[in-house]
Amino acid sequence: MINKIDNKYFLKILSLIFILIPFTLIIGPFLPDLFVVIIILSLFSYSFYNKNFLIFNNKILIFCLFICLYFAIVSIFSQNFISIKSSIFYFRFIVFAFLASYLISCNKDILKKLFYLFLIIYFSLFGDTLFQY
């Protein structure tokens, strides 16, 4: 059984992955999507292992997931099969937004770290554009 200290370290590791998502957006699309999937699967397993389903007991989350399910069903029955590929996996962004709010509520220091990371990224990209021209 995971004890409180392990829960604390687990949430810190997920918070670190969450904080690194803006940096990985500079590199390319694979790593941010991978980090989003890692966070979603980790928090799903964490909540099922600890039987803590309060994260998912949100009416807005359920409504948004039903809308994504509706879009997926409509795209399955449409004549354009390319739309199925684009509409099926949109639910991960909705779930990620709610799990990000859960991580922020567990660790209030994340917003401060994200702010400084965005400043560093912004000024480094600004310096890079000045250097290139």
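**Exercise 1. How many salt bridges does the structure hold?**

Solution. The model is predicted: local features need pLDDT of at least 70, side-chain atom pairs count only at pLDDT 80 or more, and totals for chains, interfaces and linings use all residues. Residues are numbered from 1 along each chain as its sequence is written, and side-chain values use heavy atoms, with hydrogens and water left out.

Step 1. Apply the criterion: a side-chain nitrogen of Lys or Arg within 4 Å of a carboxyl oxygen of Asp or Glu. Side chains of opposite charge can pair when their charged atoms come close.

Step 2. Asp-33 meets the criterion with Arg-92, where the closest N and O atoms are 3.6 Å apart. This pair links distant parts of the chain, with Asp-33 in helix H2 (residues 30-49) and Arg-92 in helix H5 (residues 91-106), 59 residues apart. Helices here are DSSP runs of H or I with at least four residues, strands are runs of E with at least two, and both are numbered from the N terminus.

Step 3. Asp-109 forms a salt bridge with Lys-113, and the closest N and O atoms are 3.6 Å apart.

Result: the structure holds two salt bridges.

**Exercise 2. Classify Asp-33, Asp-109 and Lys-113 by relative accessibility.**

Solution.

Step 1. Set the classes: buried is under 20% relative accessible area, exposed is over 50%, and partly exposed is in between (1.4 Å probe, protein chains only).

Step 2. Asp-33 has a relative accessible area of 30%, so this residue is partly exposed.

Step 3. Asp-109, at 33%, counts as partly exposed, and Lys-113, at 41%, is also partly exposed.

**Exercise 3. Describe the fold and the extent of the chain.**

Solution.

Step 1. The secondary structure comes to six helices and zero strands, in the order α-α-α-α-α-α along the sequence.

Step 2. The radius of gyration is 18 Å, well over the 14 Å that the globule rule gives for 133 residues, so the chain is more spread out than a compact globule. The radius is taken over C-alpha atoms, and the rule is 2.2 Å times the number of residues to the power 0.38.

Step 3. Along the principal axes, the C-alpha atoms fill a box of roughly 50 × 45 × 20 Å.

Step 4. Of the 133 residues, 30% count as buried. With contact meaning heavy atoms within 4.5 Å, 69% of the contacts between residues at least 6 apart in sequence join residues at least 24 apart.

**Exercise 4. Locate Ile-60, Ile-76 and Ile-121, and give the exposure of each.**

Solution.

Step 1. Ile-60 lies in helix H3 (residues 59-77) and counts as exposed at 54% relative accessibility. Ile-60 and Ile-94 are 34 residues apart in sequence and 9.9 Å apart in space, C-alpha to C-alpha.

Step 2. Ile-76 is placed in helix H3 and is partly exposed, with a relative accessible area of 42%. The C-alpha atoms of Ile-76 and Ile-39 are 28 Å apart, with their positions 37 residues apart in sequence.

Step 3. Ile-121 belongs to helix H6 (residues 110-132). At 10% relative accessibility, Ile-121 counts as buried.

Step 4. Leaving aside residues up to four places away in sequence, Ile-121 touches Pro-22, Phe-23 and Ile-26. The C-alpha atoms of Ile-121 and Gln-79 are separated by 43 Å, and these residues are 42 apart along the chain.
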